[in-house]
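Here is a friendly note to help you find your way around a structure you have not met before. Have a look at the sequence and the model, and then read on.

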Amino acid sequence: MLLLQLCFVALLVCLASGASSFPPDLQRCRIGDTKCIINTAHYVVRKYAKTGYPAAGFPQVEPFLVKRFDISDGRTGSLNLKLNFKDVNVEGLSGVQFDNAVGFGADPGTSKFEMYGSIPKIVLRGKYTADGRILILPIRGDGDADITLHSPKFSVKFKPGTQVRDGRTYLTVDKLKVLVEPQRMNIKLTNLFNGDQALGANLNQFLNENWVEVWSELQSSIHLAIAEIMKSILSNLFKRFAYEDLYLEN
């Protein structure tokens, strides 16, 4: 579920490769050359997904470890569920396909920054605790979670703020919006209802048969959680590089 973080980290790494502190193996792009940016982002992800690219601040993304991830849906309706995940390995991000990039212009104050793409499959495996209800059935659980998002499509849009230091323009993340739309979702939670196999199997079956409704209820919390992770990563990158240093000179 860290695909959105991945897309912008990869793009910024490829753009910033022209700085003297970066290895020279990455193609630099001109301002607004989104085709070049996408091609270089694909190169970065496919070459460095399993090892990371420490010199450029690109993290290991295959697998990507998320220490904690909380989802809480308190709305009334058929689903009222709190899920807490920890030590979650996210697999599949190296297969990202960037389909389109919009903006990345000379003036970050007016330029758009948008990315669109898809991934064949994302698998999340880790520990969970659950507390809530579906319909009138109370849910309790504490065990292993296995969640698969099939062919998710994504979009990322962010609006930066700008700060001028020593005559150079540095960005901050003011607004960021992410959307993820899987074509299908599979869920398996172990040790539900204190290990009752029959109740646990029935609940997992219910969640999978009604995955569209489950996703509809939980997606806003997931999008918010992903956005907060991205903001943290992007903020660290923006502190390192001035915007003028990210591109080839025209």
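The points below go from the whole chain to single residues.

1. Please keep in mind from the start that this is a predicted model. The protein chain is built from four helices and nine strands. Read from the N terminus, the order of its elements is α-α-β-β-β-β-β-β-β-β-β-α-α. You can use that order as a map for the points that follow.

2. A few totals help with the overall view. The protein chain has 250 residues, and 50% of them count as buried. Its exposed area comes to about 12,100 Å², with carbon and sulfur atoms supplying 51% of that. Among contacts with a separation of 6 or more, 69% are between residues 24 or more positions apart.

3. Next, the hairpin of β7 and β8. Strand β7 covers residues 153-165 and strand β8 covers residues 168-181, and the two pair in the antiparallel sense over 13 bridges. As one example of facing residues, K157 stands opposite K177 in β8. Two residues lie between the strands of this hairpin, and D166 takes a positive phi near 55° there. Around this turn you will also find a charge over a ring: the charged end of R165 sits over the ring of Y170, 3.9 Å from the ring's centre.

4. T169 has its place in strand β8. Is T169 buried or exposed? With a relative accessibility of 17%, T169 counts as buried. Once the neighbours within four places in sequence are set aside, the contacts of T169 are P108, T162, Q163, V164, A242, Y243 and E244. Y243 comes back in the next point.

5. How many aromatic pairs does the structure hold? There are three. One of them joins F113 and Y243, which meet edge-to-face at 6.2 Å centre to centre, with 80° between the planes. F113 belongs to strand β4 (residues 113-118) and Y243 to the segment after α4 (211-240), so this pair ties together parts that are 130 residues apart in sequence. F113 and Y243 are both buried.

6. The aromatic picture is wider than that pair, as F104, F113, F158 and Y243 form one aromatic cluster. F158 is found in strand β7, and with a relative accessible area of 7% F158 is buried. F158 also lies 7.7 Å from K112, C-alpha to C-alpha, although F158 and K112 are 46 residues apart in sequence.

7. Strand β9 is a good place to see a pattern by eye. In a regular strand the side chains alternate between the two faces of the sheet. Along β9 (residues 184-189), M185, I187 and L189 point to one face and are buried, whereas R184, N186 and K188 point to the other and are not buried. Strand β6 (residues 137-150) runs antiparallel to β9, and six bridges join them. L189 in β9 is the bridge partner of A145.

8. The count of disulfides comes to one. Which cysteines form the disulfide? They are C29 and C36, with their sulfur atoms 2.2 Å apart. The torsion about the S-S bond of C29 and C36 is about -80°, so the disulfide is left-handed. C29 is buried, with a relative accessible area of 0%, and C36 is buried too, with a relative accessible area of 7%.

9. Lastly, two backbone details that are worth a look. Most residues other than glycine have a negative phi. D87, which is not a glycine, has a positive phi of about 50°. D87 is found in strand β2 (residues 79-91) and is partly exposed, with a relative accessible area of 38%. S151, another residue other than glycine, has a positive phi near 50°. S151 is found in the loop between β6 and β7, and S151 is partly exposed at a relative accessible area of 36%.

Definitions and conventions. Residues are numbered from 1 along each chain as its sequence is written. This is a predicted model: local features need pLDDT of at least 70, side-chain atom pairs count only at pLDDT 80 or more; totals for chains, interfaces and linings use all residues. Side-chain values use heavy atoms; hydrogens and water are left out. Rings of Phe, Tyr and Trp (its six-membered ring) pair if their centres lie within 6.5 Å; planes under 30 degrees apart count as stacked, over 60 as edge-to-face and the rest as tilted. Buried means under 20% relative accessible area, exposed over 50%, partly exposed in between (1.4 Å probe, protein chains only). A charge sits over a ring if NZ of Lys or CZ of Arg is within 6 Å of the ring centre and within 35 degrees of the ring normal. Contact means heavy atoms within 4.5 Å. Accessible areas come from the Shrake-Rupley method with a 1.4 Å probe; for residues, only the protein chains shown count as cover. Two strands pair if DSSP finds at least two bridges between them. A disulfide is a pair of cysteine sulfur atoms within 2.5 Å.
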